[in-house]
Amino acid sequence: MSRDSWRFVHVTDIHLGSPDSYRFTPAFVDNWTTAAAQILALAPDLVLVGGDITRDGNLNPFEFASSREALEALGIPWHCVPGNMDTGNKHTDRQGARDDRDDVACNVTTAQLEAYCDGIGPLTWSFVHRGVRFSGCYEIIQGTPLPAASELETWLASLSTLSPARAHVMLNHYPLFTDTPDDPPRDITDAVGYLDWYFSADPAQRRHLTQAYKAAGVTHVLSGHIHCRRPPLSFDGLTYCFGASTAFAQWADRWPDGDARLGFQVFTVTPSGIDYAFEPLAQVSTRTDGWGPGGHPKPDARRR
Ligand SMILES: [Fe+2]
(Lines give C-alpha, C1' and ligand atoms only; values in the text may rest on other atoms or scores of the structure.)
Protein backbone atom coordinates (compact mmCIF):
# COMPACT_ATOMS: atom_id res chain seq x y z
CA MET A 1 0.00 0.00 0.00
CA SER A 2 1.43 3.39 -0.98
CA ARG A 3 2.08 6.05 1.63
CA ASP A 4 -0.82 8.20 0.50
CA SER A 5 -3.31 5.34 0.85
CA TRP A 6 -5.07 4.10 3.99
CA ARG A 7 -7.59 1.48 5.00
CA PHE A 8 -10.82 1.10 6.88
CA VAL A 9 -12.49 -2.18 7.72
CA HIS A 10 -16.17 -3.13 7.75
CA VAL A 11 -16.92 -5.98 10.11
CA THR A 12 -20.44 -7.03 11.01
CA ASP A 13 -22.58 -9.66 12.72
CA ILE A 14 -19.85 -10.83 15.06
CA HIS A 15 -22.46 -12.20 17.53
CA LEU A 16 -20.13 -12.73 20.46
CA GLY A 17 -22.78 -13.70 23.02
CA SER A 18 -22.23 -14.74 26.61
CA PRO A 19 -21.82 -17.97 28.59
CA ASP A 20 -24.31 -16.43 31.04
CA SER A 21 -27.08 -16.61 28.44
CA TYR A 22 -29.61 -19.32 27.59
CA ARG A 23 -27.57 -19.93 24.43
CA PHE A 24 -23.90 -19.59 23.63
CA THR A 25 -21.63 -20.72 20.80
CA PRO A 26 -17.89 -20.56 21.64
CA ALA A 27 -17.05 -20.99 17.93
CA PHE A 28 -18.38 -17.48 17.28
CA VAL A 29 -15.94 -16.09 19.84
CA ASP A 30 -13.07 -18.09 18.32
CA ASN A 31 -13.94 -16.69 14.90
CA TRP A 32 -13.89 -13.16 16.27
CA THR A 33 -10.45 -13.79 17.77
CA THR A 34 -9.27 -14.86 14.31
CA ALA A 35 -10.88 -11.83 12.65
CA ALA A 36 -9.42 -9.46 15.23
CA ALA A 37 -5.88 -10.74 14.56
CA GLN A 38 -6.38 -10.28 10.82
CA ILE A 39 -7.77 -6.76 11.33
CA LEU A 40 -4.78 -5.82 13.49
CA ALA A 41 -2.38 -7.11 10.84
CA LEU A 42 -4.02 -4.83 8.26
CA ALA A 43 -3.58 -1.79 10.53
CA PRO A 44 -6.68 0.10 9.37
CA ASP A 45 -7.26 3.67 10.47
CA LEU A 46 -10.71 2.72 11.72
CA VAL A 47 -13.16 -0.13 12.04
CA LEU A 48 -16.84 0.15 11.12
CA VAL A 49 -18.95 -2.33 13.07
CA GLY A 50 -22.26 -3.04 11.37
CA GLY A 51 -24.34 -4.30 14.30
CA ASP A 52 -25.24 -7.64 15.83
CA ILE A 53 -22.22 -7.37 18.09
CA THR A 54 -24.12 -9.49 20.65
CA ARG A 55 -26.02 -12.74 20.38
CA ASP A 56 -29.00 -11.51 22.39
CA GLY A 57 -28.42 -7.91 23.45
CA ASN A 58 -32.15 -7.42 22.89
CA LEU A 59 -32.82 -9.77 25.84
CA ASN A 60 -29.51 -9.60 27.74
CA PRO A 61 -28.21 -6.01 27.90
CA PHE A 62 -25.25 -7.34 29.92
CA GLU A 63 -23.84 -8.72 26.65
CA PHE A 64 -22.93 -5.19 25.52
CA ALA A 65 -20.11 -4.98 28.08
CA SER A 66 -18.15 -7.95 26.73
CA SER A 67 -18.74 -6.95 23.10
CA ARG A 68 -17.49 -3.44 23.89
CA GLU A 69 -14.46 -4.92 25.63
CA ALA A 70 -13.66 -7.07 22.57
CA LEU A 71 -13.89 -4.09 20.23
CA GLU A 72 -11.86 -1.84 22.55
CA ALA A 73 -9.17 -4.53 22.69
CA LEU A 74 -8.45 -3.90 19.01
CA GLY A 75 -6.88 -0.59 19.98
CA ILE A 76 -8.25 0.90 16.75
CA PRO A 77 -10.99 3.56 16.65
CA TRP A 78 -14.31 1.78 16.04
CA HIS A 79 -17.77 3.07 15.22
CA CYS A 80 -20.88 0.94 15.57
CA VAL A 81 -24.56 0.84 14.65
CA PRO A 82 -27.10 -1.45 16.33
CA GLY A 83 -28.26 -4.70 14.81
CA ASN A 84 -31.57 -6.42 15.33
CA MET A 85 -30.13 -8.95 17.76
CA ASP A 86 -28.64 -6.09 19.81
CA THR A 87 -31.97 -4.27 19.99
CA GLY A 88 -35.02 -5.63 18.14
CA ASN A 89 -36.29 -6.29 14.66
CA LYS A 90 -37.90 -4.36 11.85
CA HIS A 91 -41.47 -3.47 12.83
CA THR A 92 -44.45 -5.51 11.72
CA ASP A 93 -48.12 -5.22 12.63
CA ARG A 94 -48.75 -8.89 11.91
CA GLN A 95 -47.35 -12.34 12.51
CA GLY A 96 -45.27 -13.78 9.69
CA ALA A 97 -45.25 -17.15 8.02
CA ARG A 98 -42.85 -18.82 10.46
CA ASP A 99 -44.33 -20.31 13.60
CA ASP A 100 -40.97 -20.63 15.40
CA ARG A 101 -40.93 -16.92 16.21
CA ASP A 102 -43.31 -14.18 17.35
CA ASP A 103 -42.65 -11.40 14.85
CA VAL A 104 -44.66 -8.67 16.56
CA ALA A 105 -42.95 -9.38 19.89
CA CYS A 106 -39.59 -8.96 18.11
CA ASN A 107 -40.37 -5.33 17.08
CA VAL A 108 -37.58 -3.04 18.25
CA THR A 109 -38.57 -0.92 21.28
CA THR A 110 -37.41 2.32 22.86
CA ALA A 111 -36.13 0.42 25.91
CA GLN A 112 -33.96 -1.80 23.70
CA LEU A 113 -32.54 1.19 21.83
CA GLU A 114 -31.77 2.90 25.13
CA ALA A 115 -29.98 -0.20 26.42
CA TYR A 116 -27.82 -0.17 23.28
CA CYS A 117 -27.03 3.53 23.78
CA ASP A 118 -26.13 2.92 27.41
CA GLY A 119 -23.86 0.01 26.54
CA ILE A 120 -22.32 1.10 23.25
CA GLY A 121 -23.11 4.66 22.13
CA PRO A 122 -25.34 6.91 20.01
CA LEU A 123 -27.76 5.60 17.39
CA THR A 124 -26.53 8.12 14.80
CA TRP A 125 -23.12 9.62 14.17
CA SER A 126 -21.14 11.33 11.42
CA PHE A 127 -17.55 12.50 11.13
CA VAL A 128 -14.84 13.13 8.52
CA HIS A 129 -11.59 11.19 8.50
CA ARG A 130 -8.85 12.11 6.00
CA GLY A 131 -11.35 13.64 3.60
CA VAL A 132 -13.94 10.83 3.75
CA ARG A 133 -17.21 11.25 5.65
CA PHE A 134 -18.44 8.30 7.69
CA SER A 135 -22.00 8.14 9.00
CA GLY A 136 -24.00 5.46 10.73
CA CYS A 137 -27.61 4.86 11.74
CA TYR A 138 -30.08 2.09 12.59
CA GLU A 139 -32.00 2.52 9.34
CA ILE A 140 -34.79 0.07 10.06
CA ILE A 141 -36.49 2.30 12.65
CA GLN A 142 -37.24 4.82 9.89
CA GLY A 143 -40.96 5.49 9.64
CA THR A 144 -41.86 3.73 12.91
CA PRO A 145 -43.70 5.50 15.76
CA LEU A 146 -40.58 5.29 17.96
CA PRO A 147 -39.25 8.64 19.27
CA ALA A 148 -35.84 7.54 17.95
CA ALA A 149 -37.36 7.52 14.45
CA SER A 150 -38.14 11.26 14.76
CA GLU A 151 -34.58 11.83 15.91
CA LEU A 152 -33.37 9.85 12.90
CA GLU A 153 -35.36 12.19 10.59
CA THR A 154 -33.74 15.26 12.13
CA TRP A 155 -30.32 13.68 11.79
CA LEU A 156 -30.92 12.62 8.16
CA ALA A 157 -31.96 16.18 7.29
CA SER A 158 -28.85 17.57 9.00
CA LEU A 159 -26.52 15.33 6.99
CA SER A 160 -27.09 17.31 3.80
CA THR A 161 -25.93 20.52 5.54
CA LEU A 162 -22.56 19.09 6.63
CA SER A 163 -19.31 19.87 4.86
CA PRO A 164 -18.87 17.94 1.59
CA ALA A 165 -16.26 15.20 1.43
CA ARG A 166 -14.59 13.23 -1.37
CA ALA A 167 -16.71 10.19 -0.44
CA HIS A 168 -19.43 9.45 2.09
CA VAL A 169 -19.72 5.99 3.60
CA MET A 170 -23.04 5.12 5.31
CA LEU A 171 -23.05 2.25 7.81
CA ASN A 172 -26.35 0.39 8.24
CA HIS A 173 -27.43 -2.98 9.60
CA TYR A 174 -30.29 -4.01 7.29
CA PRO A 175 -29.69 -3.90 3.54
CA LEU A 176 -32.12 -1.53 1.83
CA PHE A 177 -33.12 -4.28 -0.65
CA THR A 178 -32.37 -7.89 -1.48
CA ASP A 179 -32.30 -7.73 -5.30
CA THR A 180 -32.49 -4.14 -6.54
CA PRO A 181 -33.65 -0.73 -5.24
CA ASP A 182 -36.85 -1.41 -7.19
CA ASP A 183 -37.73 -4.52 -5.16
CA PRO A 184 -41.50 -4.89 -4.73
CA PRO A 185 -43.07 -5.02 -1.26
CA ARG A 186 -42.28 -8.31 0.49
CA ASP A 187 -45.02 -10.22 2.28
CA ILE A 188 -44.15 -11.37 5.80
CA THR A 189 -47.05 -13.85 5.70
CA ASP A 190 -45.71 -15.55 2.58
CA ALA A 191 -43.56 -18.56 3.51
CA VAL A 192 -41.46 -18.15 0.36
CA GLY A 193 -41.00 -14.39 0.70
CA TYR A 194 -40.56 -14.26 4.47
CA LEU A 195 -36.77 -13.97 4.40
CA ASP A 196 -36.86 -11.26 1.73
CA TRP A 197 -39.12 -9.33 4.13
CA TYR A 198 -36.94 -10.10 7.13
CA PHE A 199 -33.63 -9.25 5.49
CA SER A 200 -34.41 -5.88 3.88
CA ALA A 201 -36.08 -2.51 4.31
CA ASP A 202 -39.60 -1.95 3.03
CA PRO A 203 -40.02 0.11 -0.17
CA ALA A 204 -41.19 3.25 1.65
CA GLN A 205 -38.21 3.11 4.03
CA ARG A 206 -35.87 2.40 1.15
CA ARG A 207 -37.12 5.36 -0.91
CA HIS A 208 -36.94 7.72 2.05
CA LEU A 209 -33.47 6.65 3.16
CA THR A 210 -32.08 6.59 -0.37
CA GLN A 211 -33.35 10.10 -1.03
CA ALA A 212 -31.77 11.35 2.21
CA TYR A 213 -28.51 9.53 1.48
CA LYS A 214 -28.32 11.02 -2.01
CA ALA A 215 -29.00 14.51 -0.66
CA ALA A 216 -26.11 13.97 1.76
CA GLY A 217 -23.72 12.86 -0.97
CA VAL A 218 -23.53 9.26 0.24
CA THR A 219 -21.40 7.15 -2.09
CA HIS A 220 -21.27 3.78 -0.28
CA VAL A 221 -23.94 1.98 1.77
CA LEU A 222 -22.53 -0.82 3.95
CA SER A 223 -24.88 -3.39 5.48
CA GLY A 224 -24.85 -6.68 7.38
CA HIS A 225 -27.75 -8.72 8.79
CA ILE A 226 -27.91 -11.35 6.05
CA HIS A 227 -24.59 -13.09 6.81
CA CYS A 228 -23.96 -13.64 3.10
CA ARG A 229 -21.62 -11.25 1.33
CA ARG A 230 -22.13 -10.01 -2.19
CA PRO A 231 -19.63 -8.19 -4.39
CA PRO A 232 -20.42 -4.45 -4.39
CA LEU A 233 -23.56 -3.53 -6.34
CA SER A 234 -23.94 -0.16 -8.07
CA PHE A 235 -27.31 1.45 -8.66
CA ASP A 236 -27.90 5.05 -9.63
CA GLY A 237 -24.63 6.42 -8.26
CA LEU A 238 -24.62 4.47 -5.00
CA THR A 239 -22.43 1.46 -4.22
CA TYR A 240 -24.06 -1.11 -1.92
CA CYS A 241 -21.82 -3.52 -0.01
CA PHE A 242 -23.55 -6.50 1.63
CA GLY A 243 -21.10 -7.67 4.27
CA ALA A 244 -20.10 -11.11 5.50
CA SER A 245 -20.54 -12.23 9.10
CA THR A 246 -17.55 -13.40 11.13
CA ALA A 247 -19.75 -15.73 13.20
CA PHE A 248 -21.95 -17.91 10.99
CA ALA A 249 -23.38 -17.96 7.47
CA GLN A 250 -27.00 -17.69 6.30
CA TRP A 251 -28.85 -17.59 2.98
CA ALA A 252 -25.90 -19.00 1.03
CA ASP A 253 -28.09 -19.97 -1.92
CA ARG A 254 -30.05 -16.73 -2.32
CA TRP A 255 -27.95 -15.12 -5.11
CA PRO A 256 -25.65 -16.55 -7.80
CA ASP A 257 -22.98 -14.09 -6.64
CA GLY A 258 -23.57 -14.68 -2.92
CA ASP A 259 -20.46 -15.62 -0.93
CA ALA A 260 -21.26 -17.21 2.43
CA ARG A 261 -17.64 -17.43 3.59
CA LEU A 262 -16.99 -15.83 6.96
CA GLY A 263 -14.81 -12.74 7.05
CA PHE A 264 -14.91 -8.97 6.69
CA GLN A 265 -14.52 -6.19 4.12
CA VAL A 266 -11.38 -4.10 3.65
CA PHE A 267 -11.55 -0.72 1.93
CA THR A 268 -8.39 0.99 0.72
CA VAL A 269 -8.66 4.72 0.13
CA THR A 270 -6.23 5.82 -2.57
CA PRO A 271 -5.76 9.19 -4.26
CA SER A 272 -7.99 7.95 -7.10
CA GLY A 273 -10.80 6.18 -5.24
CA ILE A 274 -11.85 3.52 -2.74
CA ASP A 275 -10.89 -0.08 -3.49
CA TYR A 276 -12.84 -3.01 -2.03
CA ALA A 277 -11.54 -6.41 -0.97
CA PHE A 278 -12.97 -9.30 0.98
CA GLU A 279 -10.83 -10.82 3.70
CA PRO A 280 -11.98 -14.35 4.51
CA LEU A 281 -11.25 -15.70 7.97
CA ALA A 282 -7.86 -17.43 7.91
CA GLN A 283 -9.37 -20.18 10.01
CA VAL A 284 -12.97 -21.06 10.83
CA SER A 285 -13.56 -22.63 14.23
CA THR A 286 -14.70 -26.24 14.17
CA ARG A 287 -15.80 -26.27 17.81
CA THR A 288 -19.21 -27.77 18.33
CA ASP A 289 -19.66 -27.14 22.05
CA GLY A 290 -22.18 -24.60 23.30
CA TRP A 291 -25.91 -24.66 23.79
CA GLY A 292 -29.26 -23.25 22.76
CA PRO A 293 -31.33 -22.75 19.60
CA GLY A 294 -30.73 -20.37 16.71
CA GLY A 295 -33.00 -17.68 15.30
CA HIS A 296 -35.54 -15.81 17.39
CA PRO A 297 -36.83 -18.44 19.81
CA LYS A 298 -40.08 -17.78 21.65
CA PRO A 299 -39.75 -17.34 25.44
CA ASP A 300 -40.56 -20.96 26.25
CA ALA A 301 -37.63 -22.10 24.07
CA ARG A 302 -35.12 -19.88 25.91
CA ARG A 303 -34.04 -22.39 28.51
CA ARG A 304 -30.64 -23.63 29.66
FE1 LIG B 1 -26.72 -11.10 12.51
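Visitor: Helices here are DSSP runs of H or I with at least four residues, numbered from the N terminus. So what follows α6?

Guide: G217 does, and its phi is positive, near 75°. Keep in mind that this is a predicted model.

Visitor: How many residues does α6 have?

Guide: Helix α6 has 13, residues 203-215. From first C-alpha to last, α6 reaches 18 Å, close to the 18 Å expected at 1.5 Å a residue.

Visitor: Which residues of α6 are buried?

Guide: P203, Q205, R206, L209, T210, A212 and Y213.

Visitor: And what do the buried residues of α6 pack against?

Guide: One helix and four strands are named. The helix is α4 (147-159). The strands are β5 (132-137), β6 (167-171), β7 (220-223) and β9 (238-242).

Visitor: Switching to the metal. Which residues are the protein donors of the iron ion?

Guide: Two aspartates and two histidines. D13 and D52 give OD atoms, while H15 and H227 give NE2. These donors lie 2.1 to 2.3 Å from the iron ion. Along the chain, the spacing reads D-x1-H-x36-D-x174-H.

Visitor: Where do D13 and D52 sit in the chain?

Guide: Both are in loops. D13 is between β1 (6-11) and α1 (26-42). D52 is between β2 (46-49) and α2 (63-72). The pair is 39 residues apart and links distant parts of the chain.

Visitor: Are D13 and D52 buried or exposed?

Guide: D13 is buried, and D52 is too.

Visitor: Why is the arrangement around the iron ion irregular?

Guide: Because of the angles: the 4 donor atoms subtend 85 to 175°. Tetrahedral needs all angles between 85 and 135 degrees, so 175° rules that label out.

Visitor: OK, sheets. In what order do the strands of the open sheet come?

Guide: β3-β2-β1-β10-β11, which is 5 strands with mixed pairing. The edges are β3 (78-80) and β11 (273-280), each pairing on one side only. From one strand to the next, the twist averages 20°.

Visitor: How many bridges between β10 and β11?

Guide: They pair over 8, in the antiparallel sense. Strand β10 covers residues 263-270. One facing pair is V266 of β10 and A277 in β11.

Visitor: Which strands does α1 lie across?

Guide: β1, β2, β10 and β11. Helix α1 runs at about 15° to β10.

Visitor: What about β4 and β5: how many bridges join them?

Guide: 6, and the two strands run antiparallel. β4 is residues 124-129. W125 stands opposite G136 in β5. The two strands form a hairpin with 2 residues between them, where R130 takes a positive phi near 45°.

Visitor: Where is P122 found?

Guide: In the loop between α3 (110-119) and β4. P122 is exposed because its relative accessible area, 51%, is over the 50% cut-off.

Visitor: What does P122 touch, not counting residues up to four places away in sequence?

Guide: C80 and Y116. As for Y138, P122 is 16 residues from it in sequence and 10 Å in space, C-alpha to C-alpha.

Visitor: Last one. Is S67 buried or exposed?

Guide: Buried, because its relative accessible area is 0% and the cut-off is under 20%. S67 is found in helix α2. Leaving aside neighbours within four places in sequence, S67 is in contact with L16, I53 and T54.

Notes
Residues are numbered from 1 along each chain as its sequence is written. This is a predicted model: local features need pLDDT of at least 70, side-chain atom pairs count only at pLDDT 80 or more; totals for chains, interfaces and linings use all residues. Side-chain values use heavy atoms; hydrogens and water are left out. Donors are N, O and S atoms within 2.8 Å of the metal (3.2 Å for Na, K and Ca); water is not among the atoms, so sites may look incomplete. Four donors count as tetrahedral if all angles lie between 85 and 135 degrees; four count as square planar and six as octahedral if opposite donors are over 155 degrees apart and all others between 65 and 115; anything else is irregular. Buried means under 20% relative accessible area, exposed over 50%, partly exposed in between (1.4 Å probe, protein chains only). The expected span of a helix is 1.5 Å times one less than its number of residues. Contact means heavy atoms within 4.5 Å. Two strands pair if DSSP finds at least two bridges between them. Axes are lines fitted to C-alpha atoms, for helices over the stretch in contact, and angles run from 0 to 180 degrees between N-to-C directions.
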